[in-house]
Amino acid sequence: MRGVNADTRRVTPTAAGRLAVPAGILAAVVAAFAYVGAVDPHEPGHYPVCPLLRVTGLYCPGCGGLRSAHAFVHGDLAGALHDNAMAVVAYLGFAVLWTVWAIRAARGRPMSVELTPVRLWTLGAVLLAFTVVRNLPFGGLLHP
């Protein structure tokens with residue numbers, strides 16, 4: 001190819017190539033949920049106990065997350081919400097973000113999520129409020 005600079009040529013990946021990373025992430029998440037669905041976290045000895053709960057008796061924002069995932073995998077949405085409502089919100093949020101990512105990747109558009117300080121502080125405040133409320137006497141519905 002005479003007169004063509006090799007540095008200016010671009011190889012455009014196919015839709016399948018652009019979906020490789022989202023598909024890999026989805027496969028890892030599905031494998032993790034399959035494992036938690038198969039190995040019941042309600043039975044002692046399968047998973048470690050939350051160190052904060054063991055030392056202080058307080059529930060952290062993640063306490064009940066494995067039980068919530070187990071219930072979610074088995075289609076028990078009420079049980080999943082009871083074990084950890086914030087985890088269910090996170091599962092659904094991941095599903096939405098992953099879907100948007102996969103659609104954008106298939107169309108050749110980049111995915112960008114801006115984690116601005118306001119968004120990070122808001123997320124931190126929501127998790128803190130959830131943690132405080134679930135450890136108060138009237139927050140018994142949020143106990144795992």
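In which helix is confidence lowest, and in which is it highest? Start by colouring this predicted model by pLDDT. Select helix α1, residues 15-18: confidence is lowest here, at a mean of 76. Now select α4, where confidence is highest, at 94. For the whole protein, pLDDT averages 87. Residues scoring at least 70 make up 91%.

**First stop: the largest pocket**

Select Pro48, Val49, Cys50, Leu66 and Arg67. Of the 19 residues that line the largest pocket, these lie closest to its centre. The space in this pocket comes to about 360 Å³.

Next, show helix α4 again, residues 65-73. This helix gives the largest share of the lining, 3 residues. Then colour the lining by class. You should find 11 nonpolar residues, 6 polar and 2 charged.

**Second stop: the second largest pocket**

Move on to a pocket with about 220 Å³ of space. Select Pro61, Met86, Ala87, Val89, Ala90, Gly93, Leu123, Val126 and Leu127, which line the second largest pocket.

Which helix gives the most to this lining? Select α6, residues 85-106. α6 leads with 5 residues. Add α7, residues 117-134. Both α6 and α7 supply at least two residues of the lining.

Finish by colouring this second lining by class. It divides into 8 nonpolar residues and 1 polar, with no charged residues. Flip back to the largest pocket, and 2 charged residues appear in the lining.

How values were computed:
Residues are numbered from 1 along each chain as its sequence is written. This is a predicted model: local features need pLDDT of at least 70, side-chain atom pairs count only at pLDDT 80 or more; totals for chains, interfaces and linings use all residues. Side-chain values use heavy atoms; hydrogens and water are left out. On a 1 Å grid over the protein atoms alone, a cavity is a set of points where a 1.4 Å probe fits but cannot get out, and a pocket is an open set with protein on both sides within 12 Å along at least five of seven lines; lining residues have an atom within 4 Å of a point. Grid points are joined across faces, edges and corners, and a volume is the space filled by probe spheres set on the points. Helices (H or I, at least four residues) and strands (E, at least two) are DSSP runs, numbered from the N terminus. Ala, Val, Leu, Ile, Met, Phe, Trp, Tyr, Cys and Pro count as nonpolar, Asp, Glu, Lys and Arg as charged, and the others, Gly among them, as polar. pLDDT is the predictor's confidence in each residue, from 0 to 100.
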